[in-house]
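The exercises below ask you to work through a structure step by step, with a solution after each task. Please have the sequence and the coordinates open before you begin.

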Amino acid sequence: MTDTLEHGGTRRSGTVPRTLGFVARKLGGAAVSLGLVAVLGFFLFRVLPGDPARTMTRSAPVSAEQLAQLRHRFGLDQPLYAQFRDFLGNLARGDLGTSYTYNRPVTELIGERLGPTVLLVGTATVLAVLLGLWLGTRAAWRHGTATDRWFTSVGLTLWSVPTFWLGLLLLMAFGVGVGPLPGLFPVAGMSSPDVPPGVLPRVLDVAHHMVLPCVTLVAVIHAQFMMVMRSSLLEEMGAEYLTTARAKGLRDDAVRRGHAVPNALLPTVTLVFLHLGMVVAGAITVETVFSWPGLGLLTYEALRVPDLPLLQGTFIVLASSVIVMNTLAELLYRVLDPRVRA
Amino acid sequence: MTTGGPSADVRARRPSALAEGWRAYRNERGGVFGLAVLVLVVLLALSAPLLTDPAGLDVTRVEEAPLRPPGAGHWLGTDESGRSVLLLTWWGARVSLLVGSCAAALSMVIGTLVGVTAAHFGGWTDTVLLRLTDFFLVLPALVLAIALSTVLSRGVFTIVLAIGVTSWPQTARLVRAQTLTVQTRPYVERARALGGGHRHVLGRHVLPAVLPLVFATTTLTVASAIIAESTLSFLGLGDPSRISWGAMLKSAMDTGAVTAGAWWYLFPPGLGIAVVVLAFTLCGRSLETVLNPRLRGEGR
């Protein structure tokens, strides 16, 4: 780093403070957003319900005494500002309160469910991005042809399908089986109880369970990435540097891969991260349909009661992780795009 | 718009502008197809009480066997309590369309207000509003909508509110950008120089120029609002007293229609959502192509 600085001379020394300022501004923005998430979490689950104790017990009859006990347990008998102060203090220490149904710390419950969700959502996002970018590139490069029209129509149709419905259909067709055909994939959960010991069988078992939820997510999500990549590449199509590249005698493939795609990729990267919230939304319903033991299923179980402390916890964790990922993307964008960096 | 009707001159020009827009729209094959589907679905939804007997929706008054495959009398089979799936799907369209359009309208109003205010007043107002918009843009909208509809009392109004207040950021960004562009045009400058106040400049010059594109975006918002409505209903957060496509799929899942292989119960509501959402998407994209000169004639 010092080496480049010395060689870069005066122009470099002006760039570094500016980059630092940019990083500081982005981090500051993210900090404000995280603060807003905390305030929103408190407002949504403590202030808006009026009486959270009554909301949580609305499906079962309870006596006034039990209600009072419940209010005391969750600190709801304190004045609102004291509740907010305690809430922020606990949050700073990583304490998200106690679940009403499980009677266990919310952080512990979320910690257990985080792994499966990261595995499912991570795999699905990577696959959806790769598939979407590849299809989008092909559609744009042949734009106006039958290939393009076909990709675009399939993409738009899949985009219009509710994720959970596609999940239910796949579950019926490939999990339960149709008519004489047996089910090819497990219908629920993440692992079977009768797996032989050893790492490889267990990995294969989880992968087997993950096929249907993953295919569902990829099918719906990739469409958005495809459309973005397609229009982003179309913007580049008329550019003069492509004509130059062709005039140099480069083959069509080399022009696409070496010149057009890298430039079209940049706006797509931002949009991919901007749509992470959508992936999270898809994960909630897909995990519900396939009983995948992740944060989405935990949210679904919590909202049926409703278990407000647990819902508050999943809300804060899901919202914060999306904000953190977006901030990372913005910083990464700066590194990737020389036009922004300069 | 707030300062009274347009001048006679504008009024004379408007029909021809509309006709011209329609001529351009007619060239968009997808848009025309989507519009035709929408007209058909809306007519069917509106005519449901006239053409069918709502008594068939009452669980206590059915005589059919539960989960019966399609056959004579029940073209689409029956649900877990013996009601006709065709009848349920027909009536379910009403809630989906109603909630989708109301939520999109709410989101349009919020988005337009925020966007125009930010761009027109600038300075600190702009900074704060833009920051807020970016915050809500990144926040997973469905997670927020779930939170809202869990803590508020169940009902159509809650769903509309939950979707409306979570889906406005895109509109706000678009309106802000458009307003900034429109404001630099000479006629707005002229209006200001002649002493036009905020109300006059916004109502007479900025909003009329921005609204067509807002209309196109709102059409696309209806599509995502219908998906959001069905998702919330599927999670059990909808209005329990009304039939909706999402709620039908929820009961299908809860009562084991999937394991029973009752495809006739799963297909109609999901297809309904997909067709309506696709129709709104096609219309919205075509409107964007027609109204956004940058996209016109480039086959995007």
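A residue is called buried when its relative accessible area is under 20%, exposed when it is over 50%, and partly exposed in between. The model used here is a predicted one, and side-chain atom pairs count only at pLDDT 80 or more.

**Exercise 1. Salt bridges and accessibility**

Determine to which accessibility class A:Asp86 belongs, and then examine its salt-bridge partner, A:Arg85.

Solution. Step one: the relative accessibility of A:Asp86 is 35%, so the residue counts as partly exposed. Step two: its side chain meets that of A:Arg85 in a salt bridge, with 3.8 Å from N to O. Step three: A:Arg85 has a relative accessible area of 52% and is therefore exposed.

**Exercise 2. A pair far apart in sequence**

Find which parts of chain A are tied together by the salt bridge between A:Glu330 and A:Lys26.

Solution. Step one: the closest N and O atoms of A:Glu330 and A:Lys26 are 3.8 Å apart. Step two: because A:Glu330 lies in helix α14 of chain A and A:Lys26 in helix α2 of chain A, the pair ties together parts that are 304 residues apart in sequence. Step three: A:Glu330 is partly exposed at a relative accessible area of 33%, and A:Lys26 is also partly exposed, at 27%. Over all chains, the count of salt bridges comes to 12.

**Exercise 3. The second largest pocket**

Describe the lining of the second largest pocket, and look for a salt bridge formed by B:Arg242.

Solution. Step one: the pocket, the second largest, holds about 590 Å³ of space. Of its 29 lining residues, the closest to the centre are B:Asp239, B:Pro240, B:Arg242, B:Ile243 and B:Ala247. Step two: in chain B, the elements that give two or more residues to this lining are α3 (85–121), α6 (156–164), α9 (198–234) and α10 (245–254), and the largest share, six residues, comes from α3(B). Step three: sorted by class, the lining of the second largest pocket has 14 nonpolar, six polar and nine charged residues. Step four: B:Arg242 forms a salt bridge with B:Asp239, whose closest N and O atoms are 3.6 Å apart. B:Arg242 is partly exposed at 42%, whereas B:Asp239, at 19%, is buried.

**Exercise 4. The largest cavity**

Establish which residues line the largest cavity and how they divide by class.

Solution. Step one: there are three cavities of 30 Å³ or more, and about 70 Å³ of space lies in the largest cavity. Step two: the lining of the largest cavity consists of A:Phe45, A:Arg46, A:Pro52, A:Met56, A:Phe74, A:Leu76, A:Leu308, A:Pro309 and A:Gln312. Step three: α14(A) gives the most to this lining, with three residues. Step four: by class, these residues divide into seven nonpolar, one polar and one charged.

**Exercise 5. Buried positions in helices**

Work out the surroundings of A:Thr299, and decide how far helix α5 of chain B is enclosed.

Solution. Step one: A:Thr299 is found in helix α13 of chain A, which covers residues 295–304, and at 3% relative accessibility it counts as buried. Step two: its side chain reaches the backbone oxygen of A:Leu295 at 2.7 Å. Beyond its neighbours within four places in sequence, A:Thr299 is in contact with A:Leu311, A:Thr314 and A:Leu318. Step three: in helix α5 (residues 141–151) of chain B, 10 of the 11 residues are buried, so this helix is largely enclosed by the rest of the structure.

Conventions
Residues numbered from 1 in each chain as written. Chains lettered and ligands numbered in written order. Heavy atoms only, no water. Helix = DSSP H or I, 4+ residues; strand = E, 2+ residues; numbered from the N terminus. Buried < 20%, exposed > 50% of the residue type's maximum accessible area, 1.4 Å probe, protein only. Polar contact = N/O pair within 3.5 Å; in protein donor to acceptor, adjacent residues only side chain to side chain. Contact = heavy atoms within 4.5 Å. 1 Å grid on protein atoms, 1.4 Å probe; cavity = no way out; pocket = protein on both sides within 12 Å on 5 of 7 lines; lining within 4 Å. Points joined across faces, edges and corners; volume = space filled by probe spheres on them. Nonpolar A, V, L, I, M, F, W, Y, C, P; charged D, E, K, R; others polar. Salt bridge = Lys/Arg side-chain N within 4 Å of Asp/Glu carboxyl O.
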